[in-house]
Amino acid sequence: MKGGCLCGAVRYETEATPRHQGFCHCRDCQKSTGAGHCCYLIFDRNDVEITGKTKSFSVISESGVLALRYFCESCGSQMFGMGPPEDPRLTVYAGTLDDPELFKPTESIFVRSRRHWDHNRLDLPEYQLLPG
């Protein structure tokens, strides 16, 4: 999978299979995307190669841990996020994939925050918070 920002200054690539793919309806994702949810793919950090200059913004997430969101310093596209250094996961936002059809959602999380106007027609498992 390959992807990048709107202007092309930041690129990422991985040959790994995502650990999880789905829709997150938490308020952080709603605010950071300006939409009802984000579309995410979660990989191991070490499996994704990133090139180009990014900036980040950190916040304590709805789950209570540090969340860093990375965006292109030129065009502002948000492309990926991650937690604190000890968390090995990296979240890629599906809209930044070169081929968005590679996104195959399998779950919806933080549905307790889902807006009444943001429902999909997919029959996916739903979790009030995080699964497990």
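This is a short walk through one protein model, from its largest pocket to a run of strands and then to its cysteines. Keep in mind as you look that the model is predicted.

Let's begin with the empty space. Rolling a probe the size of a water molecule over the atoms shows where empty space is left. Here the largest pocket has a volume of about 630 Å³. A total of 28 residues line this pocket, and I42, R89, T91, I109 and L130 are the ones nearest its centre. If you would like to trace the wall by element, those that contribute two or more residues are β3 (20-24), α1 (27-33), β4 (38-44), β7 (66-72), β8 (78-82), β9 (89-93) and β10 (107-109). Which of them gives the most to the lining? That is β7, with 4 residues. As for chemistry, the lining has 16 nonpolar residues, along with 6 polar and 6 charged ones.

Since β7 has come up, it makes a handy starting point for the strands. β7 and β8 run antiparallel and are joined by 4 bridges. To find the pairing on screen, look for F71, which stands opposite Q78 in β8. The two strands form a hairpin with 5 residues between them, and in that turn G76 has a positive phi of about 85°.

From β8 the chain goes on to β9 through another hairpin, this time by way of 6 residues. β8 and β9 are also antiparallel, with 3 bridges between them. One pair to look for is F80 and its bridge partner in β9, V92. So β8 has bridges to β7 and to β9. Is β8 mostly buried or exposed? Of its 5 residues, 4 are buried, so β8 is largely enclosed by the rest of the structure.

Finally, a look at the cysteines, which a bench biochemist may well want to check. The structure holds 0 disulfides. C29 is in no disulfide, with the nearest cysteine sulfur, that of C38, lying 3.4 Å away. C29 counts as buried because its relative accessibility is 6%, under the 20% cut-off.

Why does C75 have no bond to C72? The sulfur of C72 is the closest cysteine sulfur to that of C75, but the 3.8 Å between them is too far for a bond; a disulfide calls for sulfur atoms within 2.5 Å. Unlike buried C29, C75 counts as partly exposed, because its relative accessibility is 31%.

Technical notes. Residues numbered from 1 in each chain as written. Predicted model: local features only at pLDDT ≥ 70, side-chain atom pairs only at ≥ 80, totals over all residues. Heavy atoms only, no water. 1 Å grid on protein atoms, 1.4 Å probe; cavity = no way out; pocket = protein on both sides within 12 Å on 5 of 7 lines; lining within 4 Å. Points joined across faces, edges and corners; volume = space filled by probe spheres on them. Nonpolar A, V, L, I, M, F, W, Y, C, P; charged D, E, K, R; others polar. Buried < 20%, exposed > 50% of the residue type's maximum accessible area, 1.4 Å probe, protein only. Pairing = 2+ DSSP bridges.
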